[in-house]
Amino acid sequence: MDFLFDGLRQGFTLIFGGDPEVLGIALFSLKVALISTLVSCLVGVPLGFIVGTSRFWGRRAVITTLNTMLAFPTVVIGLWVWGILSRNGPLGELGFLYSLTAIVIAEVILAVPIAAALTAAAVQSVDPRVRRTALTLGAGPLRANLAVASQARYAIISAIVVAFGRVLAEVGAATIVGGNIRHQTRTLTTAVALATSRGEFGTAMAFGLILLALALTVNILLQVFQGKGDA
Amino acid sequence: MTKTGLNLKTFAVVALAILSAIVGPIPGFAQNDNKVVLATTTSVRDAGLLDVLLPMYSEATGDIVRVVAVGSGHAMELGRRGEADILILHDPSGEEQFLADGFGVDRTSLMHNEFVVVGPSSDPAGVRGASAVEAFSKIAQSGSRFLSRGDNSGTHAKELTIWNRLGGPSRDRSWYWESGQGMSASLQVAYEIRAYILSDIGTYLRHSTGSRLEIMVSGDPALNNPYHVMLVNPARFDGLNVEGARRLRAFLISADVREMISEYGVAEFGRPLFIPDVD
């Protein structure tokens, strides 16, 4: 069990020692997670909103698909993206494989269903009278939708937080399409996997702690931001 | 959302099914009694050799072998923590340190094969047919891309011994890349980025995409790849399965098994993947 303690100690040394490589890995991870969350929410939240609020043919099939995709193994997503971006794949010419772009593509595919499914659930749980009342009071469809979104805003923010957490903690797809290449595409999670496979359990723990600290910081920031809207 | 409340009977059936899946035994999954923990380098597992040998061993002895296939560095770390009973390794200098530190006993030669330097068929550094050291030196001078495993595995250790003869691995990141992944995955990366890479011959032959890279250097004595088997020192840890580990070691170095090793892979690749050693 001493490696848990070692990990804590090493974690603090790595975080506060200012090792440029560790800093680079942490910043790279943060960048991947932020870009992926942003893109996937720009797509997923409106998608979830439409699915959650409008009635159209095949809507239940869409919801079932989204919910199923929540259980999609990340390595399989990684494998697909890899197949498309690899030299012999359809988009191999772009040279995206083993780059930030490749990781973001995989993470977005992973996170869009999360953002969409949770947003859909959030707006579905809003009392239908909100929309009706808004329409009765003379609001246009856009204003009515905004009223619904405002009722569901905390749940929608949770959807974004969950998507961010999932992307930040993801390792399977990031390894396959990112390649875990040192000084280029190594993320905190792939660094944990590598340190573990090198038998450096303390270092692995340390990277894990840095990841947790990052997640904590982002969530505290969100909490502060959210708190302003609170009564 | 009109239908609420499941039928109680349906609910009970589903709950029972889930519960039995949680607590029930899984067919084909081993129980824990009499298990021997074998920490081995990934190349031995990836070559498929253990899939042939271990079922025979389990049938003969009743022991269940739990294989933890990791890099040699990780395998020795498991040994240093008493988490494994027996080790198969291919990092001679690391193994000697491991023995000197008192964590291992009864180290025996098991088998060997060789490492090869492989690379893109265009051979930008012109290393085809060179010795390993010459090849590495040419790769460095021409700045051709080289992919290091970078993962403390036996293959990584071998690669570093060659770089160290040239004054250490390069810090020039424009051509010296590290994948930090296993052999098969690294061969794949090397193919994609058109890099040279050091590989054990077994994984190279078995890895179909890796084989699209071509062998540039082979047959150099500097690229010998010896595998040893050793026990984790029973004096260091309580609770090791010493009996099981001794039985497994005796099995692995028995004449019958040596015979099988020398024939393994011949049908598929026209050459054995490993050559058994006799101490």
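**Notebook: contacts, surface and charges in chain A**

I began with contacts (heavy atoms within 4.5 Å): of those in chain A with a separation of 6 or more, 74% join residues 24 or more positions apart. I note that this is a predicted model, where local features need pLDDT of at least 70, side-chain atom pairs count only at pLDDT 80 or more, and totals for chains, interfaces and linings use all residues. Residues are numbered from 1 along each chain as its sequence is written, and side-chain values use heavy atoms, with hydrogens and water left out.

Next I looked up the secondary structure, taken as DSSP runs (helices H or I, at least four residues; strands E, at least two). I found 11 helices and 0 strands in chain A. The C-alpha trace spans about 65 × 50 × 30 Å along its principal axes.

Then I turned to burial (under 20% relative accessible area, with exposed over 50% and partly exposed in between; 1.4 Å probe, protein chains only). Of the 231 residues in chain A, 42% are buried.

Which residues make the nonpolar surface patch of about 560 Å²? They are A:Phe5, A:Leu8, A:Phe12, A:Ile15 and A:Phe16. A patch here takes residues with over 30% relative accessible area and no salt bridge (a side-chain nitrogen of Lys or Arg within 4 Å of a carboxyl oxygen of Asp or Glu), and nonpolar side chains are joined within 5 Å, like charges within 9 Å. I checked A:Phe5, which sits in helix H1 (residues 2-16); A:Phe5 is exposed, with a relative accessible area of 57%.

Last, I looked at charges, with Lys and Arg as positive and Asp and Glu as negative, His and the chain ends not counted. Chain A has 16 positive and 10 negative side chains, and the centres of the two sets lie 16 Å apart.

Conventions: Chains are lettered from A and ligands numbered from 1 in the order in which they are written. The place of a charge is taken as NZ of Lys, CZ of Arg, CG of Asp or CD of Glu. Accessible areas come from the Shrake-Rupley method with a 1.4 Å probe; for residues, only the protein chains shown count as cover.
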